[in-house]
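Please look through the structure below, beginning with its cysteines and then moving outward to the fold as a whole.

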Amino acid sequence: MRVVVDAQLCETNSICMGLAPDVFEVGEDDTVTVLLENPPESLRKDVENAVRLCPRSAITLLDG
């Protein structure tokens with residue numbers, strides 16, 4: 001799986017970081033960083049929750 005964040009849509013509210021802290025980080029400059037672009041399968045549930053709960057639908061999870 002591959003995680004992509006659309007920086008133009010992201011409002012850096014940190015929901016993703018709270019749900020998947022090993023994958024997302026929101027910096028002091030209010031930008032989101034994807035720490036693990038290809039996270040292990042063990043983190044899929046956390047990433048899927050972050051995708052589902054992102055208020056701006058800024059996160060995409062690509063399989064393959």
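In this predicted model, a search of the whole structure finds zero disulfides. C16 takes part in none, and the nearest cysteine sulfur, which belongs to C10, is 6.1 Å away. Since a disulfide requires a pair of cysteine sulfur atoms within 2.5 Å, that separation does not qualify. C54 is in a similar position, because its sulfur is 6.4 Å from the closest cysteine sulfur, again in C10, which is too far for a bond. As for their surroundings, C16 counts as buried because its relative accessibility is 10%, and C54 counts as buried as well, at 15% relative accessibility.

Turning to the chain that carries these cysteines, its secondary structure comes to two helices and four strands, which follow one another along the sequence in the pattern β-α-β-β-α-β. Of the contacts with a separation of 6 or more, 55% are accounted for by residues 24 or more positions apart.

The overall dimensions can be read in two ways. The C-alpha atoms fill a box of roughly 30 × 20 × 15 Å along the principal axes, and the radius of gyration of 10 Å agrees with a compact globule, because one of 64 residues would have a value near 11 Å.

Buried residues make up 27% of the 64 residues. The chain exposes about 4,100 Å², of which carbon and sulfur atoms supply 47%. Its charged side chains comprise 5 positive and 12 negative ones, and the centres of these two sets lie 9 Å apart.

How values were computed
Residues numbered from 1 in each chain as written. Predicted model: local features only at pLDDT ≥ 70, side-chain atom pairs only at ≥ 80, totals over all residues. Heavy atoms only, no water. Rg over C-alpha atoms; globule rule 2.2 N^0.38 Å. Buried < 20%, exposed > 50% of the residue type's maximum accessible area, 1.4 Å probe, protein only. Contact = heavy atoms within 4.5 Å. Areas by Shrake-Rupley, 256 points an atom, 1.4 Å probe, with all protein chains shown as cover. Lys, Arg positive; Asp, Glu negative; His and termini not counted. Charge placed at Lys NZ, Arg CZ, Asp CG, Glu CD.
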